[in-house]
Amino acid sequence: AHAGFPDIVVFGMKPVQARGLIGLVADLCTGGTEIPIDVEVVGLLDHELRCRFAPVDLADWGPLFTTAAAWYRGAPFELVQLVYPDPNGFLPYEAGFDQHRVLSQPVIGRLD
């Protein structure tokens, strides 16, 4: 993984936004900031919105990431999903989450 952080997958976000966020994570990690995995994080998104890096089980979801597997030439790699809130601040696993956004941001990361 780059900068000591797992690879990141993001769904339902414009490519320029996703690239910006992933670049921000890489810059933070390179600068020595430790970003926790599998807990809610505040301060990465604008307006103090929460997000979460949820571990993706490649045993289940590996076929979606053949390009990444090829990049690593068969070596194991870690993948996390950046789970982010709807415009009202609800995360996909919360009751208030905008149901119209369920298809654009499917959750494949573990949230236990």
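**Exercises on aromatic pairs, nonpolar cores and pockets**

At 5% relative accessibility, Phe5 counts as buried (buried: under 20% relative accessible area; exposed: over 50%; partly exposed: in between; 1.4 Å probe, protein chains only). The model is predicted, so local features need pLDDT of at least 70 and side-chain atom pairs pLDDT 80 or more, while totals for chains, interfaces and linings use all residues. Residues are numbered from 1 along each chain as its sequence is written, and side-chain values use heavy atoms, without hydrogens or water.

**Exercise 1.** Determine how many aromatic pairs the whole structure contains, and classify each one.

*Solution.*
1. Rings of Phe, Tyr and Trp (its six-membered ring) pair if their centres lie within 6.5 Å; planes under 30 degrees apart are stacked, over 60 edge-to-face, and the rest tilted.
2. A search of the whole structure yields two aromatic pairs.
3. Phe5 and Phe53 are 5.2 Å apart, centre to centre, with 80 degrees between the planes, and this pair is edge-to-face.
4. Phe5 belongs to the segment before β1 and Phe53 to strand β3 (residues 50–55), so the pair ties together parts that are 48 residues apart in sequence. Helices (H or I, at least four residues) and strands (E, at least two) are DSSP runs, numbered from the N terminus.
5. Phe53 has a relative accessible area of 0% and is buried.
6. The ring centres of Tyr72 and Phe77 are 4.9 Å apart and their planes stand at 10 degrees, so this pair is stacked.
7. Tyr72, at 17% relative accessibility, is buried, and Phe77 is buried at 16%.

**Exercise 2.** Describe the largest nonpolar core, and state which element gives the most to it.

*Solution.*
1. A nonpolar core is a set of buried Ala, Val, Leu, Ile, Met, Phe, Trp, Tyr and Cys residues joined through side-chain atoms within 4.5 Å.
2. The largest one has 17 residues, and Phe5, Ile8, Val10, Val25, Phe53 and Leu82 have the most contacts inside it.
3. Two or more residues of this core come from each of α1 (15–30), β3 and β4 (79–83).
4. With four residues, α1 gives the most.
5. Neighbours within four places in sequence aside, Val25 is in contact (heavy atoms within 4.5 Å) with Phe5, Ile8, Ile35, Leu44 and Phe53.
6. Another core, of seven residues, lies apart from the largest core; Val56, Phe65, Leu79 and Ile108 are among its members.

**Exercise 3.** Compare the linings of the two pockets by class.

*Solution.*
1. On a 1 Å grid over the protein atoms alone, a pocket is an open set of points with protein on both sides within 12 Å along at least five of seven lines, whereas a cavity is a set where a 1.4 Å probe fits but cannot get out; lining residues have an atom within 4 Å of a point.
2. The largest pocket is lined by 15 residues, with Met13, Gln17, Leu45, Leu49 and Tyr84 nearest its centre.
3. Its lining comprises nine nonpolar, three polar and three charged residues. Ala, Val, Leu, Ile, Met, Phe, Trp, Tyr, Cys and Pro count as nonpolar, Asp, Glu, Lys and Arg as charged, and the others, Gly among them, as polar.
4. The second largest pocket is lined by 11 residues, and Asp7, Phe65, Thr67, Ala68 and Leu79 are the closest to its centre.
5. At least two of its lining residues come from each of β1 (7–9) and α3 (66–71); α3 gives the most, with four.
6. This second lining has seven nonpolar, three polar and one charged residues.
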